[in-house]
Amino acid sequence: MPKKVMSIVFTTGMILCMLTGCGESAPLDELVDNGQGTGTEADAYDVEAGSVHVENGNREQSKRTFPTMSKLRDLVKAEMGDHYWPEVTLSEEELLEKTGISQDMYVEFLAEEHDAETGIDTMIIIHAKEDYVGAVEQALEAYRSKLIENNRQYPGNYSKAQASRMETIEDYICFVQLGADTSIVAEQEEKEIIAYCLEENERAIDVLEKTILQ
């Protein structure tokens, strides 16, 4: 083969090699998934209580801010007005003693109960750590069952305990046992008293849902 032709063939081969890439290589998306990517690393964020970082579809991190516990309480209290009776705040130790929910299970919490010895109006909101949502739910279910059992001999409180509501809203587990003054329905049957308390509890749950999910 003439030297000129061989030179052309050799040059053409080099160009093709440069265009297609010599040797095997993974697609870019596989390189990213394997951590090879472009060599840049995601920035580290300090996560404050009440906020969480989520990933969107573009692999970018954005910050979602959740409502504070005091805001949730104030909004529920504003909705309930004179029918919101809990006013004694429980400490971490008291929450643990009453419910079995320990500090390592949540990001933050709010727990308030009625200060009267005979009153059981209560609101508990636990912003649970992701791995402990189920455990917190079980603990509050057990707490609710205990309240129902312990108030069987007190008709008014027994109806309130039966009407108590527990709802999980994302990572928030909310226990609401309200109803305030049930004397206005005291002459009615138990099912009417329960229905009244359920209506009051639902008002609080609606506020919590709208605020947390906004």
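**Reading helices 5 and 6 and strand 7**

Visitor: Why are helix 5 and helix 6 called roughly antiparallel to each other?

Guide: This is a predicted model. In it, helix 5 (residues 133-150) and helix 6 (residues 155-163) pack at an angle of about 160°. Angles over 145 degrees count as roughly antiparallel, so the pair of helices earns that label. Their axes are 8 Å apart, and the crossing is left-handed.

Visitor: What makes the contact between helix 5 and helix 6?

Guide: Arg-144, Leu-147 and Ile-148 in helix 5 meet Tyr-158, Ala-161 and Gln-162 in helix 6. By class, that contact has four nonpolar residues, one polar and one charged.

Visitor: Why is strand 7 called largely enclosed by the rest of the structure?

Guide: Buried means under 20% relative accessible area. Six of the six residues of strand 7 (residues 172-177) are buried, so the label follows.

Visitor: How do you know that both faces of strand 7 are covered?

Guide: In a regular strand, side chains alternate between the two faces of the sheet. On one side of strand 7 sit Tyr-172, Cys-174 and Val-176, and on the other Ile-173, Phe-175 and Gln-177; all are buried.

Visitor: What makes strand 5 and strand 7 a pair?

Guide: Pairing takes at least two bridges. Strand 5 (residues 122-128) and strand 7 have six, in the antiparallel sense. Ile-125 has Cys-174 as its bridge partner.

Visitor: How do you know that strand 6 pairs with strand 7?

Guide: Five bridges join strand 6 (residues 165-169) to strand 7, and the two run antiparallel. Glu-167 stands opposite Cys-174. The two strands form a hairpin with two residues between them, and Glu-170 in the turn has a positive phi of about 55°.

How values were computed: Residues are numbered from 1 along each chain as its sequence is written. This is a predicted model: local features need pLDDT of at least 70, side-chain atom pairs count only at pLDDT 80 or more; totals for chains, interfaces and linings use all residues. Side-chain values use heavy atoms; hydrogens and water are left out. Axes are lines fitted to C-alpha atoms, for helices over the stretch in contact, and angles run from 0 to 180 degrees between N-to-C directions. Helices (H or I, at least four residues) and strands (E, at least two) are DSSP runs, numbered from the N terminus. Angles under 35 degrees count as roughly parallel, over 145 as roughly antiparallel, 65 to 115 as roughly perpendicular and the rest as oblique. A crossing is left-handed if the near helix is turned anticlockwise from the far one by less than a right angle, and right-handed if clockwise. Contact means heavy atoms within 4.5 Å. Ala, Val, Leu, Ile, Met, Phe, Trp, Tyr, Cys and Pro count as nonpolar, Asp, Glu, Lys and Arg as charged, and the others, Gly among them, as polar. Buried means under 20% relative accessible area, exposed over 50%, partly exposed in between (1.4 Å probe, protein chains only).
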